[in-house]
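The following exercises concern a protein together with DNA. Work through each task with the sequence and the coordinates at hand before reading the solution.

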Protein chains: 2
Amino acid sequence: MAKVSDQEILIGLMSVFRSKGYDGASLNELAEATGLKKASLYHRFPGGKKEMTDAVLDFMENWVNEKIFKVMSNAEVAPQIRLKDALYNIGEVYGNGTEVCLYRSLSMDTGMSLFGAKIERGINQWLEAFTVLGKEMGLDKEKAFKVAQQNFVEVQGSLVLSKAMDNTAPFAEALKNIENRYQT
Amino acid sequence: MAKVSDQEILIGLMSVFRSKGYDGASLNELAEATGLKKASLYHRFPGGKKEMTDAVLDFMENWVNEKIFKVMSNAEVAPQIRLKDALYNIGEVYGNGTEVCLYRSLSMDTGMSLFGAKIERGINQWLEAFTVLGKEMGLDKEKAFKVAQQNFVEVQGSLVLSKAMDNTAPFAEALKNIENRYQT
DNA sequence: TTTTATTTACCGAACGTTCGGTTATTTTAA
DNA sequence: TTAAAATAACCGAACGTTCGGTAAATAAAA
């Protein structure tokens, strides 16, 4: 029996990578955040820090798939409601503007050269979810993709601003803008 | 006589801090980027890495003041032209979408606790420049500030997207959006 | 000659990683 | 069903390397 579950470990690791980035995340810190000792972390992740980050990125990709893509594609729910649900989830994962995006934290040089492909995949899934919704709401393919990109841009940009200004208002407004963007 | 000028040093330091962040920027790398040896850097910056970063942030703040604020406030030039000039400068400093924002790179936990105040000051000056222009073009104070914020959000967000997707189009579009935003 | 600038050589501390070994748990054999 | 063997999980201590930073020595300017 594991002392700490895989999911608990991933959540701990993610929190450190998000706030410190790849270079800034030390093994001591990562171990402390998971509740395991350094050497035990290496038992779970023989590939070391790199493997831990890969696992966190997979975890995040899965989250995007479950909490954004599937929600947005669920044909049993009215589009307006799907959007609201997905935006709620987005608000939650970013602590309503107080938390940073994992993809952004890992987008420095070191992270990009190690995980660039995975980051790109995750963002594309994010964009695809909004594109699907846009098309369902009557936009043509290109327009739907453009709107999806704009949504991503505003979420990321507002997170930068909210963080730097220590004020969650820009992020809240970005979410509101996105919702308005799909008003009929 | 200095082997390397202050400005050359600052440019070298900034390039490393931008691409690597604070934690990821090692003194060996910083030294190499300036053309000086590590110990010589310490002669110029007795306060070490922290002082180097402070100097780079001051350098950046000065850049924002010269290349954005003053340009935007120059009453001798038509507002449309001022905007165009400032946007051109913004495009240049970000390599038209290929380069990262210093404030973003230093916005991880370590950087925020050390330089949060300075980062906030720099961003506020950025916002103030656009607010001035907006007011001159007939917007009321609050609206002008809101538009300035939106501009910042789109620049930052599009930089994240352009970097991750290795595609400068989102950044170019963000600049275009900003210009359109002040169309009469 | 004195001051300033630069460099070589070096330091303790922290880094990511590995090792040797202990304790649980699971699997196999009797 | 129990005992032995194998495996999985964990941890303290240490590895070699790189970190940020310093002292002493050399080179250049004033």
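**Exercise 1.** Determine which backbone and side-chain atoms make polar contacts with phosphate oxygens of DNA strand C, a polar contact being a pair of N or O atoms within 3.5 Å.

*Solution.* Begin with chain A: a backbone N or O atom of A:Leu27 lies 2.7 Å from a phosphate oxygen of DNA strand C. Turn next to chain B, where a backbone N or O atom of B:Lys37 lies 3.2 Å from a phosphate oxygen of that strand. Finally, consider side chains: a polar side-chain atom of B:His43 lies 3.2 Å from a phosphate oxygen of DNA strand C.

The model is predicted, so local features need pLDDT of at least 70 and side-chain atom pairs pLDDT 80 or more, whereas totals for chains, interfaces and linings use all residues. Residues are numbered from 1 along each chain as its sequence is written, chains are lettered from A and ligands numbered from 1 in the order in which they are written, and side-chain values use heavy atoms, leaving out hydrogens and water.

**Exercise 2.** Describe the protein surface near DNA strand C, counting a residue as near if one of its heavy atoms lies within 4 Å of the strand.

*Solution.* First, list the residues: there are 20 around the strand, and A:Leu27, A:Lys38, A:Tyr42, B:Lys3 and B:Ser40 come nearest. On the DNA side, sugar and phosphate make up 67% of the strand's atoms that come within 4 Å of the protein.

Second, assign elements, taking helices as DSSP runs (H or I, at least four residues) numbered from the N terminus. At least two residues each come from α2 (27–34), α3 (38–44) and α4 (48–73) of chain A and from α3 (38–44) of chain B. The greatest contribution is that of α3(B), with 4 residues.

Third, sort by class, with Ala, Val, Leu, Ile, Met, Phe, Trp, Tyr, Cys and Pro as nonpolar, Asp, Glu, Lys and Arg as charged, and the others, Gly among them, as polar. The surface divides into 10 nonpolar, 5 polar and 5 charged residues.

**Exercise 3.** Identify the second largest cavity and its lining, where a cavity is a set of points, on a 1 Å grid over the protein atoms alone, at which a 1.4 Å probe fits but cannot get out, and lining residues have an atom within 4 Å of a point.

*Solution.* The second largest cavity holds about 40 Å³ of space, a volume being the space filled by probe spheres set on the points. Its lining consists of A:Arg104, A:Ser105, A:Met108, B:Arg104, B:Ser105 and B:Met108. Two or more of these residues come from α6 (102–105) of chain A, and likewise from α6 (102–105) of chain B.

Key. On a 1 Å grid over the protein atoms alone, a cavity is a set of points where a 1.4 Å probe fits but cannot get out, and a pocket is an open set with protein on both sides within 12 Å along at least five of seven lines; lining residues have an atom within 4 Å of a point. A residue is near a molecule or strand if one of its heavy atoms lies within 4 Å of it. A polar contact is a pair of N or O atoms within 3.5 Å; within protein, one must be able to donate a hydrogen and the other to accept it, and residues adjacent in sequence count only if both atoms are side-chain atoms.
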